[in-house]
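Ready for some practice at reading a protein model? Work through the exercises below, and try each one yourself before you look at its solution.

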Amino acid sequence: MSRDPQTITIKVGFGDQVRELVVTIGEGDIPPYQVGDRHDEVGQRRNRVDAVAKVTGRARYTYDRKGAGMLYGKMLRSPHANANIRSVDLSKALTMPGVKAALDFVEVFKDRSARYAGCSVAAVAAETEAQAEAALDAIVVDYQVLPFAVTTEAAMAEAAPQTGRGDDRNVSARGLRDGESAADFLARIADQDQAVQEAMKGQTVVSGRFSTSVQTHSALETHGVVCDWDGDNLLCYCSTQGTFGVRRDATASPQLRARNARVVAEYVGGGFGAKFGLGREGVAGALLAKRAGRPVRLMLDRREEHVDGGNRPDSFHDLSMAVGRDGKIVALKARNWGTPGNGSGGAGARNQAYYAIPLVDKVELNVRTNAGGARAFRAPGYPQGIFALESLMDMAADAIGLDPLEFRRRNDPHPIRIHEYDLGAERAQWQKRRNRNPGAGSDPIKRGMGMAATEWFNPGGGGASCLVRIMRDGTVEVRNGAQDIGTGTRTVMGMVVAEELGLRIDQVETFIGDTRDPQGPGSGGSTTIGSLTPAARLAGYRAAEQLLGLVAGQTGWKAEDLRLRGGMVVRKDGGRLPREMSFAQACALIADEAIEVTEKHPMVGSGRNASANYEGFADTNSGLQFAEVEVDTETGKVRVLRVVAVQDSGKYLNPKTAESQIRGGVIQGVSYALFERRIMDRHQGHMLNADLENYRVVGALETPEIDVVLVDVANGKNNTSVMGLGEPPTIATAAAIANAVANAIGARVTSLPITPRKVLEALAAKGRKR
């Protein structure tokens, strides 16, 4: 095919929703997977290529890296919720047995502030972990202890102490005046949007206050590095979601000044948004290794991970929605705030998403507290915002006497989700299993069903490249330096190459997670699959072109008539060739050691107008979740029985790994709905449940039946027609569960997690209203 930009007609859609689009694809690109295409590997249910390595323990994570001469790094952390550091004395620690290096973070990072309990202030490296721990006890730090506020409410109070540095204010918001309190600000802008106020007159208006708790990431593998130097060249094994971002940090760091850095993350034990960049722990590990002249392993323990490894901010929402007699939403008024800890932002919430809402009056506040800073967390801003919005949607439906599903359908403009309502309702048995008389009956065990919508927007970005290598012996490799954080990236990357070369996935070796290989994206925002697979497919296509060119040169056949399929060279039209030729026989014609092709994700347009994607059936991928719960009204305990997750994500390259991703998202959503919350000691400023015994996450006994319904869409947008799937499965779960609980007991719990105490309080409040 031509390497110039081309304008082509493609067929996109799903089921009976199919249409043709005229699109311009990028220079050197190939047409996308389309409606009616036949594939041998793509779209098939394939096991992960690394599954055996993981279940047998052969997979080596950063945590597993240990070698001769390796030292153990540990960090000292402030015990105070708010303090300035006057001095750090390392002298005694450096004389302790086994200690080879120590760091004063005031000197290293030029920062004397410790604005939360658990802030790192120093580090050591020693022969054993016990020696490193003992050395930490010998470090003397002189603190100026300051007043603190560790909760959102305390930091917003009129006389709250300053929680940040310098002139940082506790509360930030657009339009907030100097010296104005949060309460005064909210009162002043209460009715700021006159159009919304006018639109709400004469309509049915429902209002509510909703809240969610701080959620920590709790990845199985904590943050950490294993670092070694060869002169000014750094080798860094890192548990990261962005290998190339870590490499950039290492070479740009004024503390490290690495001339070159190789970052390896072949296996990563989970990452939900917190593992970007080298971080203080990474800089410390590398600098300790440099000063000691030996490899250093510095991995956070579980407590450190909870207090300093990032979190999802809490949220508070005051929402009002006006609905017309026709069941259409007229306007939404939203006031929401939350804490990103001692960070400067990130506490926003998407509580106005998805539905057609003509008028929105929304104000958000960030509240700085003396707690560990927030970091991106799987669909930032969405789970908390959608919990509030979808709760209000059910309340509005009830207020106008409309079925919640029908109410959503009337207000949903999404071209795919509008067709998923019937599919999900049938699979979940919505009409049969939804409680028509919530809370009624003498049986203390009540059942209910709720629903919520989800949506995401990432078809991938540019900049990623993949290398495909075909060896003379028939061995095939595909390589990229990005990481697979457990989503199955290395498997689908191999599958699209196998498809182009007419092979099975087990005949293609995939290599990922080493920055010596071609550039890849960070795994955030569900961008990885849409960034990598188009580059991998194109590299496989070009490698096949070269191989078939060799075949044509040796046989006299026309290369344009040939393709690779089923391990053979075949005619595209299905006709017979004069003689059979296998893929292995074709590879034997390679004159050099290998055919090597590196291709980049093609861009559409150029300069400022360049884009990684072109038009598609839909700009976003959507879904619905239906949750069925059982509530014991005597104890308040909620048990999720079943979740039906209907999800589209463009073309499903591997339905098996896609289903796994969706189930994982739902499980995390169940955990957010029922269990997870950070508990802070308001008097001492410490996190009280910084472990996995008291910070509860969902376990096997609490995991419901999860019924996944995949809606496969030839979406266009890129040559593999995929959309990102990391975020959307976890967005709707908590909201659907909350609506199911309300449907079961006839009372609404308006804050997460939905604990037994909150259920009993909601039931008591319902009883008082009678």
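**Exercise 1: Two residues with positive phi**

With a relative accessibility of 68%, lysine 110 counts as exposed; here buried means under 20% relative accessible area, exposed over 50%, and partly exposed in between (1.4 Å probe, protein chains only). Before going on, note that this is a predicted model, where local features need pLDDT of at least 70, side-chain atom pairs count only at pLDDT 80 or more, and totals for chains, interfaces and linings use all residues. Residues are numbered from 1 along each chain as its sequence is written, and side-chain values use heavy atoms, with hydrogens and water left out.

Task: find where lysine 110 sits and what its phi is, then do the same for serine 526.

Solution, step by step:
- Lysine 110 is in the loop between helix H3 (105–109) and strand S6 (113–114). Helices (H or I, at least four residues) and strands (E, at least two) are DSSP runs, numbered from the N terminus.
- The phi of lysine 110 is near 55°, a positive value in a residue other than glycine.
- Serine 526 is in the loop between strand S23 (508–512) and helix H16 (528–555), and its phi is near 60°, also positive in a residue other than glycine.
- Serine 526 counts as buried because its relative accessibility is 9%.
- As background, most residues other than glycine have a negative phi, and most peptide bonds are trans.

**Exercise 2: A cis peptide bond**

Task: which kind of peptide bond joins leucine 752 and proline 753, and where is proline 753?

Solution, step by step:
- The bond between leucine 752 and proline 753 is cis, with omega about 0°.
- Proline 753 belongs to the loop between H20 and helix H21 (756–769).

**Exercise 3: The nonpolar cores**

Task: how many residues does the largest nonpolar core have, and what does isoleucine 754 touch?

Solution, step by step:
- The largest nonpolar core has 91 residues. A nonpolar core is a set of buried Ala, Val, Leu, Ile, Met, Phe, Trp, Tyr and Cys residues joined through side-chain atoms within 4.5 Å.
- This core draws at least three residues from each of domain 1 (152–215 + 311–385) and domain 3 (403–459 + 616–769). These domain bounds come from an automatic or database domain assignment.
- Among the residues with the most contacts inside the core are Met321, Phe407, Ile737 and Ile754.
- Take Ile754: leaving out residues up to four places away in sequence, its contacts include Val638, Leu674, Ile737 and Val759. Contact means heavy atoms within 4.5 Å.
- A second, separate core of 43 residues includes Val42, Ala543, Val551 and Val722.

**Exercise 4: Two helices that cross**

Task: describe how H11 and H20 pass each other, then look at serine 391.

Solution, step by step:
- The axes of helix H11 (residues 382–399) and helix H20 (residues 733–745) come within 8 Å and cross at roughly 35°. Axes are lines fitted to C-alpha atoms, for helices over the stretch in contact, and angles run from 0 to 180 degrees between N-to-C directions.
- H11 contributes Ile386, Phe387, Glu390, Ser391 and Asp394 to the contact, and H20 contributes Ala734, Ala735, Ala738 and Asn739.
- Now zoom in on serine 391, which lies in helix H11.
- Serine 391 counts as buried because its relative accessible area is 0%.
- Apart from residues up to four places away in sequence, serine 391 touches Phe210, Ile386, Ala738, Asn739 and Arg748.

**Exercise 5: Buried residues elsewhere**

Task: is glycine 242 buried or exposed, and what does alanine 101 touch?

Solution, step by step:
- Glycine 242 sits in the loop between strand S13 (233–238) and helix H8 (243–252).
- Its relative accessibility is 7%, so glycine 242 is buried.
- Not counting residues up to four places away in sequence, glycine 242 touches Lys275, Phe276, Gln483 and Gly522.
- Alanine 101 lies in strand S5 (residues 99–104), and it counts as buried at 4% relative accessibility.
- Setting aside neighbours within four places in sequence, alanine 101 is in contact with residues including Leu94, Val124, Leu288 and Ala292.
- Alanine 101 and glycine 73 are 28 residues apart along the chain, with 9.1 Å between their C-alpha atoms.
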